[in-house]
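Reader: Hi! Could you walk me through this one? I'd like to hear about helix packing, and then about how the chains meet.

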There are 2 protein chains.
Amino acid sequence: MALIVQKFGGSSVADRDRIFNVARIVSNTHNAGNDVVVVVSAQGDTTDDLLAKAAEITHDPSGREMDMLLAAGEEISIALLTMALQSMGTSAISLTGWQAGFRTDQSYTKARIQRLDTERIENELNRNRVVVVAGFQGLNKMDDITTLGRGGSDTSAVAIAAALHADRCQIFTDVEGVYTADPRKVRNAKKLEEISFDEMLELASLGAQVLNNRSVELAKKYGVELEVLSSLNPVPGTVVKEVAKDMEGMLIKGVAKDTDVAVITIMDVPDVPGMSFKVFGILAQKKINVDIILQAGGRDNTKDLTFTVPLGDAETAISVLEKNKARYGGGNVKLRTDFAKVSIVGAGMQSHSGVASRMFEALYESNINIHMISTSEIKISVIIEKKDADRAVEAIHDAFIH
Amino acid sequence: MALIVQKFGGSSVADRDRIFNVARIVSNTHNAGNDVVVVVSAQGDTTDDLLAKAAEITHDPSGREMDMLLAAGEEISIALLTMALQSMGTSAISLTGWQAGFRTDQSYTKARIQRLDTERIENELNRNRVVVVAGFQGLNKMDDITTLGRGGSDTSAVAIAAALHADRCQIFTDVEGVYTADPRKVRNAKKLEEISFDEMLELASLGAQVLNNRSVELAKKYGVELEVLSSLNPVPGTVVKEVAKDMEGMLIKGVAKDTDVAVITIMDVPDVPGMSFKVFGILAQKKINVDIILQAGGRDNTKDLTFTVPLGDAETAISVLEKNKARYGGGNVKLRTDFAKVSIVGAGMQSHSGVASRMFEALYESNINIHMISTSEIKISVIIEKKDADRAVEAIHDAFIH
């Protein structure tokens, strides 16, 4: 007998049939003699409906009221799933985020979990009930409802698994696991049996969009093994853990494309100490995350500073840089949005030379120009033109994974 | 400066335009220097949607999960109304039932309020905020969400007005007040300026459907003056209070029709002491409310016992009476569902003779046959054939109200 946390996203509980599909998975797990805590998101269309209702009222809602509104979504899905479980003869109870003991900080719409009081969940488990918990939500010290932001339900599930020392934390999605590339676009994409937390973090931040980064960070911090698997197809998924075994002959774990990239260049920045610090300090004040940075010599003791930011931050970045030109003595600021980032990830590349050159070779053979390069211990990213991105992913994938 | 509680039903917040209409009423009240607590129900279609979702899952949902599901409805409407108020520059905050301090007993789907902890509401009022409270819902001592059953939001509003010693409790509806008869059916129906709690209770239980009975009982108990008025048409409504002044020349306050009536007759019950007690004891065990009772002599030391029950209880009543015939020695049990109850209500009839005869005369002149009669201090009811009911209401109304 084990304690298993199972998380299902909004599309997995989208309608009656899908709810019963989830209820069957949960019931089978419970009937096999396990304690089960289920974490669910709001039904996909419920969230959309609520957002549309709010947009009709105002385009600048307060975070507190937005959280009050959106939290209703999970209350609906936990009640419906619990009804389905009960109708199948499985003893079950639903708990909102605050009933389940989630205490968060004050920041509405993107709250951080501060504490999880597991007393109620444990009491219900001791009564042999499946506990159906509303993901994504908690309560702050004002006794006000907060939500955890994007991917919050994954984080809720991992937090419960960590606090209860669960034997397994299963994240059910509409894909069968983590792939070496997007299987809808790359023919030879392979499902991974295992992947390390660090590799998963790099892939998630690169737009693989299987698991939310915060949940992977939390799982790594508390040593919670995750399993990513399909709610529709009952085959083994991908296990995310501290040290993942390498698959036969696979130097890398995945190739990912990220089109959420704006490339900004500041021309003719004076080449004196402290100028980069000033530029990035200005951006940091606006909470803009800078990703890849490239510095090239310019004319007459100046340099050109090129860096990437998320597309949504590009306009703010340009305007704040223009406004503060005097502070860093820079010249023209240019923006390009026709780029994409393509990356390979794998702990294996640390101990193998030639990984980067094999990647660049694949791009060269496909006649794709590289504009920027960035490397870390387990990742190599290149900035290339957006129109070449899908071809680049396929070429690189073919070069590493057969 | 006064403290005013304003309650708006589901149709008053049904869509964006109606929400802003409510927000304007509330804002104007607040801008005039008053403290305002607003109680809202779920949007009309939200409740319907949630009920439909539950019906898709199971036809026998647990009360606890049903309450979890339905409570989401008011969370949506309080968030939307608060956003609307804020967008108009009015400081406001939404509170769920439990945040507002509603503590109830354990009975899901029809919980009774046991306590109202007003600390949070008072704190928010002290910060000069309009407090928007979710009606209909509370929390039991298990920390589980409960709902108050039909008309629960009226009850929530009255409870808040009582606990805060509010100066006024306004119940906004889609009619302009309490009328002497259904204004859609009786041409000369008049809006009442005032009506007493007792008169309102009789009218509500007779199917006038303006105010929920529990809320009127609570208002009477705590001496909370209610005002029933329209959210769409800003004219004075009807005040419900302990002693209402009589309107010029009006002996009665209203004429009401109730078609939720089944008439049951048990033939040939032995005419010995205790038999009525046995019959009605059997029905009471099944929690069936008997309304009008008529006992007539039968043949050979027997009597016929005729009484009315709500239509929904008729089948249960017949079956339990058939099963227990031996206990009361009765004969054939007959059911008729083609009757209606028409009643007149008015505290004035206590001090005026001839009210009953004027009512019977109006029916006689319309050639309508009376099957049963029941009287109380402020009410006279007759059971007549359903097909005659609308004509009867009009004839009686014309006889009393000009």
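Reader: How do the axes of H2 and H3 of chain A cross, and within what distance do they come?

Author: Happy to help. This is a predicted model. In chain A, helix H2 (residues 44-57) and helix H3 (residues 63-87) have axes that come within 9 Å and cross at roughly 155°. Because angles over 145 degrees count as roughly antiparallel, H2(A) is roughly antiparallel to H3(A).

Reader: Is that crossing of H2(A) and H3(A) left-handed or right-handed?

Author: H2(A) and H3(A) make a right-handed crossing.

Reader: And which residues meet there?

Author: From H2(A) you have Thr46(A), Thr47(A), Leu50(A), Leu51(A) and Ala54(A). On the H3(A) side they meet Met66(A), Leu69(A), Leu70(A), Gly73(A) and Ile76(A). By type, the residues of this contact are seven nonpolar, three polar and no charged.

Reader: Nice. Over to chain B: at what angle do H8 and H9 cross?

Author: Helix H8 (residues 275-285) and helix H9 (residues 314-323) of chain B cross at roughly 130°, with axes that come within 10 Å. That angle makes H8(B) oblique to H9(B). H8(B) passes H9(B) in a right-handed crossing.

Reader: What makes the contact between H8(B) and H9(B)?

Author: H8(B) brings Val279(B), Ile282(B) and Leu283(B), while H9(B) brings Ala317(B), Val320(B) and Leu321(B). Those residues divide into six nonpolar, no polar and no charged.

Reader: Changing topic: how much area is buried between chain A and chain B?

Author: About 3,300 Å² is buried between chain A and chain B, and carbon and sulfur atoms give 62% of that area. Each side is well represented by count: 43 residues from chain A and 43 residues from chain B take part in the contact.

Reader: Which three residues of chain A supply more of its buried area than any other three?

Author: Those are Ile57(A), Glu65(A) and Met83(A), which supply 20% of the area chain A buries against chain B.

Reader: How many salt bridges are found across the interface?

Author: Two salt bridges are found between chain A and chain B. Asp144(A) forms a salt bridge with Arg120(B), where the closest N and O atoms are 2.8 Å apart.

Terms used: Residues numbered from 1 in each chain as written. Chains lettered and ligands numbered in written order. Predicted model: local features only at pLDDT ≥ 70, side-chain atom pairs only at ≥ 80, totals over all residues. Heavy atoms only, no water. Axes fitted to C-alpha atoms, helices over the stretch in contact; angles between N-to-C directions. Helix = DSSP H or I, 4+ residues; strand = E, 2+ residues; numbered from the N terminus. Parallel < 35°, antiparallel > 145°, perpendicular 65-115°, else oblique. Left-handed = near helix turned anticlockwise from the far one by under 90°. Contact = heavy atoms within 4.5 Å. Nonpolar A, V, L, I, M, F, W, Y, C, P; charged D, E, K, R; others polar. Buried area = accessible area lost by both parts, 1.4 Å probe. Salt bridge = Lys/Arg side-chain N within 4 Å of Asp/Glu carboxyl O.
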